[in-house]
Each structure stands twice: as structure tokens, then as C-alpha cells.
Amino acid sequence: MSKELIRLSNCSMAFDGEVVLNNINLYFNDKEFLTLLGPSGCGKTTTLRIIGGFLKPTSGDIFFDGVRINDVPPHKRMVNTIFQKYALFTHLNVFENIAFGLRLQRPGGKKLSQAEINSRVMEMLEVVSLKGFEKRDVTILSGGQQQRVAIARALVNHPKVLLLDEPLGALDMRLRKDMQNELKRIQQATGITFIYVTHDQEEALAMSDTIVVMESGVIQQIGTPEDIYNEPKNAFVADFIGESNIVDGIMRSDGVVEIFGRKFKCLDSGFDPMEQVDVVIRPEDIDIVDEGQGALTGTVISITFRGVLFDIIVDFRGFKWLIQTTDLSPVGSKIGIKIDPDGIHIMKKGPFSGLYGDYSSYSAEYDEIGDAKHEYEPTHSDDAFE
Ligand SMILES: Nc1ncnc2c1ncn2[C@@H]1O[C@H](COP(=O)(O)OP(=O)(O)OP(=O)(O)O)[C@@H](O)[C@H]1O
Ligand SMILES: [Mg+2]
């Protein structure tokens, strides 16, 4: 998984003077499952279309195996695409849908033999777990089965790279989850490089070797799912990937950050003394303790049951935090919180600071109690870890 296959070098794209991709630098390794993740309109499909050869970048270069391919047309790139609307041929059965591309091939000027076509189609039916479905009419298949035919149709030509643009968008939640596992299995079984587009962060975390987080045509972060979740580079990434409380902090020294006037131990270092920072605290990294026992005291203002956990919104001096917990604390109760050093992640201030990470608008209940008074906790010590 280490050999570089595709590289976008300083790629920009503008439509009618409007920049939609701004100097993208990105490489894809052979056999990698890489996901472009970002909100609607951030440029994911545009990036995919540049890789597929359907669009030429306004500036910049694209390389395949080290060779510049800006001028190579789509059908000559070893790339296949599955679009969100994967339009199967409704007049053809499952077998013929998959065989379609093979029947057009003329290696050495000759058609593929029927035996060769049979064996390639059967191999693909096996890969997508649709053996026995070859004679079925595609219109009577379930959404997930149709999706698998579309995948088989794209894979049967043995592309080096498969581009998938929100391929599960049309499926319901349950089927989506099944197909996520299925796609991951197919990718691993075939060793084909997958470049996957989604705006669903859970999907990206579950499937990818590498995630590229994009916003407004700019790459915000590239990393493994664990990197992106645990070490987000800025408030946009922290907010977009999972749930995050993002509060203002001041670095007092290496390993000590001040939040709401209290000092917390953290694992981060390398910041200037007294540098203003953004502090990310994931909702699952906050422990609830009795009022007065914790580093900060807040008031529970809403509770939502999520199956295994409760999402509770807690007001700390006007800032609303999301905490995920198995302990039920009733609305209106005062609670203390504890945060271990590894539950705190420090980020440099940047253009996204202050835009994300407060849960004021998270629940309707907030509106009813939005005017509630905030009480300040005692200030006998400002060291939360003493
Ligand atoms: N052919 C085009 N002409 C003009 N503008 C375009 C064209 N294609 C895309 N855009 C614009 O480029 C921006 C990025 O579009 P793109 O389709 O890449 O977004 P996306 O990340 O795939 O979003 P979504 O998640 O909604 O599919 C958008 O503002 C879009 O309106
Ligand atoms: Mg798109």
C-alpha cells in the first residue's frame, strides 16, 4: 500500500472565474481506500472528475504512475467511475449489465470470447455476492443488489482505480452499513485503489485508510481516520468529524492549558507561553462527577436518549457542552466534570476559530431555558487537577 499511483499537483479549478478548487496537492497510493470528505459544494465531485478525466483543471497537473495525464481522455485512464445515480441498463439482465463493457473490448483487435466473458462475469458475481442472480431482471433487484451490480460492472474491466461518488447515497441507513462493509471487503479482495466521495463522516471513518477533509475547495487535513478524529488540525475538522466541544484556552506551559479560568493537564506542547488556543474535548471524554468534585460545575439543560448513551447538554457559564454518558443526571441538576489529559486536544487558532464547537442550538429545549442564570463555581483554586 505504499506505492504512489496518482498525484494532483497544485490543481485549481475555476468555473466562470469562481474558484472551486484552490491549489490541491494530493497523492493516492496503490491499493489504498482514500475518501474525500466534506460538506456539500466543497469540491469533492470536481476533484473526482479531474481524476477521471471528465474535467481539465484550470491549472496544475495530474500524474498517473509518474506520467502526466492532463490530456489523456477518460477511457484511456485505467480508472472507472460509479456515480451516485448508477443507471443500470434496465433492458439487460444482471449478467448482461456486467458483461456490457467486456463485449465492447477489442484487445489485439479481437472480441473477447464468450468463455472469457462468462468467466469474468462469474468471477465478479462471486466478488459482489450475487451468484445465482445472473438471469434476474435488474429492475426487480433491491437497492443494495442494484448497487452491487453497478460495482461489478465497474470492476469487471479490472481498472487500477475505482472512483465512487456517494455510491450509497440512495440507500437506507441499514443497507448503507451493510454495503459499507461489503465495499471494504471488495476493495481488500480485489486490491483496486478506491477513491471514495462522501459527506458522511461516519462512513468515512468506518471505511477509509486515508481521509482527505475538504472545505470550500481547500484541503483542511489528510490523515488516517484515527489521526483525523484524535488530532484534528482546526476547528472545522474537529467539528465536522464526530462531535466536539471547542472552547477557548490559554497555554500556561507545556502540558497545561487554562479553560474557563481553571488549569487542566493535557498532553500537548510546543505552544508559546500564554498562547490563545482552541481546545477540543470530545463528548465521550468527559466524566461526570458530583457537583463540587469536578474541575468545572455546570447545569444540565437537556437530555436526549441515544440508545446506548445519553446526549446531555450542560451549561458552563453560558457555553453549552455536549457530554455523552451512561449516567443520567436530570435536567436542572448541577454536575461536576473531570477530563483526563488525553481527552484534551489543543489546536492553534485559525480562520475557523469561534465558528464551531458550542452546542447552543443542539436541542429545542435550549430555547426554553436559554435565559437561565449562570452560577459561577467557587474559585478556591484555579487548578482543576489539584
Ligand atoms: N460545471 C460547473 N459549472 C459551474 N460551477 C460548477 C460546475 N461544477 C461544479 N460547480 C461548482 O463547484 C463547486 C463544487 O462542486 P462539487 O460538485 O465539486 O461539490 P461537492 O463537494 O461534490 O458537493 P456535493 O456533496 O453537494 O455533491 C460548487 O459550488 C458547484 O456549484
Ligand atoms: Mg458531489
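A residue counts as buried here if 20 or more other C-beta atoms lie within 10 Å of its own. With that in hand, welcome to the tour of this predicted model: buried residues make up 37% of the 386 residues in the chain.

**The whole chain**

Start zoomed out, with a cartoon view. The C-alpha trace spans about 85 × 45 × 35 Å along its principal axes, and the chain holds nine helices and 20 strands. If you like contact maps, here is a number to keep in mind: among contacts between residues at least 6 apart in sequence, 69% join residues at least 24 apart.

Now colour by domain. The domain assignment gives domain 1 as 4-230 and domain 2 as 244-369. Place a pseudo-atom at each C-alpha centre and you will find the two 39 Å apart.

**The nonpolar core**

Next, select Ile98, Ala152, Leu162, Ile195, Val212, Val257 and Val279, and show their side chains. These are the residues with the most contacts inside the largest nonpolar core, which has 93 residues. Helix 4 (residues 143-155) gives the most to this core, with six residues. Where does the core lie relative to domain 1 and domain 2? Both domains give residues to the core, so it lies between them.

Stay with Val279 for a moment. Leaving aside neighbours within four places in sequence, Val279 is in contact with Ile246, Val247, Gly249, Val257, Ile259, Ile344 and Ile346.

Then move to Ile98 and select helix 2 (residues 94-104) around it. Val94, Phe95, Asn97, Ile98 and Ala99 are buried in this helix. Show helix 3 (114-127) and helix 4 as well, since the buried residues of helix 2 pack against both of them. As you look down the axis, recall that an α-helix has 3.6 residues a turn, so residues three or four places apart point the same way.

**Ligand 1**

Centre the view on ligand 1 and bring up its surroundings: Phe15, Val20, Gly38, Ser40, Gly41, Cys42, Gly43, Lys44, Thr45, Thr46 and His199. Which helix gives the largest share of this shell? That is helix 1 (residues 44-52), with three residues. Colour the shell by class and you will see three nonpolar, seven polar and one charged residues.

**Strand 16 and its partners**

For the last stop, select strand 16 (residues 296-305). This strand is mostly covered, with seven of its ten residues buried. In a regular strand the side chains alternate between the two faces of the sheet.

Add strand 17 (residues 310-316), which pairs with strand 16 in the antiparallel sense over six bridges. To see the register, label Thr304, which stands opposite Asp311 in strand 17. The hairpin of these strands has four residues between them, and there Gly307 takes a positive phi near 100°.

Now add strand 19 (residues 334-339). Strand 16 pairs with strand 19 in the antiparallel sense too, over four bridges, and Leu296 has Ile337 as its bridge partner there.

Finish on Ser333, in the loop between strand 18 (319-325) and strand 19. Is Ser333 buried or partly exposed? With 14 other C-beta atoms within 10 Å, Ser333 is partly exposed. Draw a distance from its C-alpha atom to that of Val300: the two residues are 33 apart along the chain, yet these atoms are separated by 5.7 Å.

Methods: Residues are numbered from 1 along each chain as its sequence is written. Chains are lettered from A and ligands numbered from 1 in the order in which they are written. This is a predicted model: local features need pLDDT of at least 70, side-chain atom pairs count only at pLDDT 80 or more; totals for chains, interfaces and linings use all residues. A residue is buried if 20 or more other C-beta atoms lie within 10 Å of its own, exposed if 12 or fewer, and partly exposed in between; C-beta atoms are placed from the backbone. Helices (H or I, at least four residues) and strands (E, at least two) are DSSP runs, numbered from the N terminus. Two strands pair if DSSP finds at least two bridges between them. Two residues are in contact if their C-beta atoms, placed from the backbone, lie within 7 Å. A residue is near a molecule or strand if its C-beta atom, placed from the backbone, lies within 6 Å of it. Ala, Val, Leu, Ile, Met, Phe, Trp, Tyr, Cys and Pro count as nonpolar, Asp, Glu, Lys and Arg as charged, and the others, Gly among them, as polar. A nonpolar core is a set of buried Ala, Val, Leu, Ile, Met, Phe, Trp, Tyr and Cys residues joined through C-beta atoms within 7 Å. Domain bounds come from an automatic or database domain assignment.
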